[in-house]
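Let's take a friendly walk through a protein model, looking at its surface charges, its paired strands and its salt bridges. Please keep the picture in view as you read.

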Amino acid sequence: MTVRYSSISKQGGREINEDSLYCGHKGDSYCFLVADGLGGHGKGEVASQLAASCFAKTFLETQEETERFLCQAFTAAQEEILKEQKAAGLMNDMKTTGVALAIIHGVVQWAHVGDSRLYAFKKNKVVQRTLDHSVPQMLVLAGDIREKQIRNHPDRNRLLRVIGVEWEEPRYVLSDEYSMDEFQAFLLCSDGFWELIDEKKMGSFLKKSSSPEEWLEKMCGLVEKNGKGRNMDNYTAVAVWLEE
């Protein structure tokens, strides 16, 4: 199978874009990351960029199986961001989410921490998505609110897990391993993207598109339309297609 992909990152209505992304390709292996930085005075931008550079370095220097690679990359990002925080005297003020997809020698796996999401598609429908590490997602799991209420919940930005806060054990969550033929496409995106487009529209645009670039263009058009007149957050997305 072949892999095609496209990416975009925009600052929306904010003064600075604190999102970062990475798309790497080496032989028959691929790595994709979306990171959404948090922290005052642009420190979120530093955190997300550090995460992206750590993923790039780990991917280019190693070619392990998916789980080992993802664990190494998330650990490297955590250590580097904590190191930078300490050097700058900014403990807990330089944080980022992270969602990553690895395709290595035909094996597919993903991992995430925070509320940047991965959606997996089959036959133009979402068949899996990562669960946010946020207060609203916790309320959904507890049965207190419905899934569709996450997007407009007053506590939507309250995150329970991020990179850049001391942890005694890894806080990222790994998916199972899959073969490439189990999926049609993937969408990795920050919350500034998914809050303005629902899963039904993602699938509808996927069905009508002939390339990952076109799919991303259609989705971004709706994100921009729905965000008009609002103080839009930064938004970042990576569209990945798997083809015979």
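Glu-67 is partly exposed, because its relative accessible area is 38% and that class lies between buried, under 20%, and exposed, over 50% (1.4 Å probe, protein chains only). You can find Glu-67 in helix α2, residues 66-88. Helices (H or I, at least four residues) and strands (E, at least two) are DSSP runs, numbered from the N terminus. Keep in mind that this is a predicted model, in which local features need pLDDT of at least 70 and side-chain atom pairs count only at pLDDT 80 or more, while totals for chains, interfaces and linings use all residues. Residues are numbered from 1 along each chain as its sequence is written, and side-chain values use heavy atoms, with hydrogens and water left out.

**Charges on the surface**

Glu-67 joins Glu-65, Asp-176 and Glu-177 in a negative surface patch. A patch is built from residues with over 30% relative accessible area and no salt bridge, where like charges are joined within 9 Å and nonpolar side chains (Val, Leu, Ile, Met, Phe, Trp, Tyr) within 5 Å. Lys and Arg count as positive and Asp and Glu as negative, with His and the chain ends not counted.

Which residues gather in a patch of positive charge? They are Lys-125, Lys-200, Lys-201, Lys-207, Lys-208 and Lys-225. Helix α5 supplies the largest share of this positive patch, four residues. Lys-125 belongs to strand β8, residues 125-129, and is exposed, with 60% relative accessibility.

Ser-204 sits in helix α5, residues 199-208, and is partly exposed at 25% relative accessibility. Between Ser-204 and Glu-177 there are 27 Å from C-alpha to C-alpha, and the two are 27 residues apart in sequence.

**Strands that pair**

Now for the strands, which count as paired if DSSP finds at least two bridges between them. Strand β6, residues 107-113, is mostly covered, with six of its seven residues buried. Strand β7, residues 117-122, is mostly covered too, with five of its six residues buried. The table lists their antiparallel partners.

| Strand | Partner | Bridges | Example of opposite residues |
|---|---|---|---|
| β6 | β5 (residues 98-104) | seven | Ala-111 and Ala-100 |
| β6 | β10 (residues 178-179) | two | Val-108 and Tyr-178 |
| β6 | β9 (residues 173-174) | two | Ala-111 and Leu-174 |
| β7 | β11 (residues 185-189) | five | Phe-121 and Ala-185 |
| β7 | β8 | four | Lys-122 and Lys-125 |

Ala-111 appears with two partners, Ala-100 in β5 and Leu-174 in β9. In a regular strand the side chains alternate between the two faces of the sheet.

Two hairpins deserve a look. The hairpin of β5 and β6 has two residues between the strands, and His-105 there takes a positive phi near 55°. In the hairpin of β7 and β8, which also has two residues between the strands, Lys-123 takes a positive phi near 55°.

Is His-112 buried or exposed? His-112, a residue of strand β6, is buried because its relative accessibility is 5%. The C-alpha atoms of His-112 and His-133 are 9.0 Å apart, although 21 residues separate the two along the chain.

**Salt bridges**

A salt bridge is a side-chain nitrogen of Lys or Arg within 4 Å of a carboxyl oxygen of Asp or Glu. How many salt bridges does this rule give? The count comes to 12.

One of them joins Asp-155 to Arg-158, at 3.8 Å from N to O, and Asp-155 is partly exposed at 25% relative accessible area. Another links Glu-195 with Arg-156, at 2.8 Å from N to O. Glu-195 lies in the loop between α4 (191-194) and α5, and Arg-156 in the loop between α3 (135-141) and β9, so this pair ties together parts that are 39 residues apart in sequence. Both Glu-195 and Arg-156 are buried.

Glu-214 and Lys-218 also form a salt bridge, at 3.6 Å from N to O. Both lie in helix α6, residues 212-227, four residues apart, which is about one turn of the helix. Glu-214 is partly exposed at 24% relative accessible area, and Lys-218 is partly exposed at 29%. Finally, salt bridges that share partners connect Arg-117, Arg-129, Asp-132, Glu-147, Arg-151 and Glu-199 into one network.

Methods. Areas by Shrake-Rupley, 256 points an atom, 1.4 Å probe, with all protein chains shown as cover. Charge placed at Lys NZ, Arg CZ, Asp CG, Glu CD.
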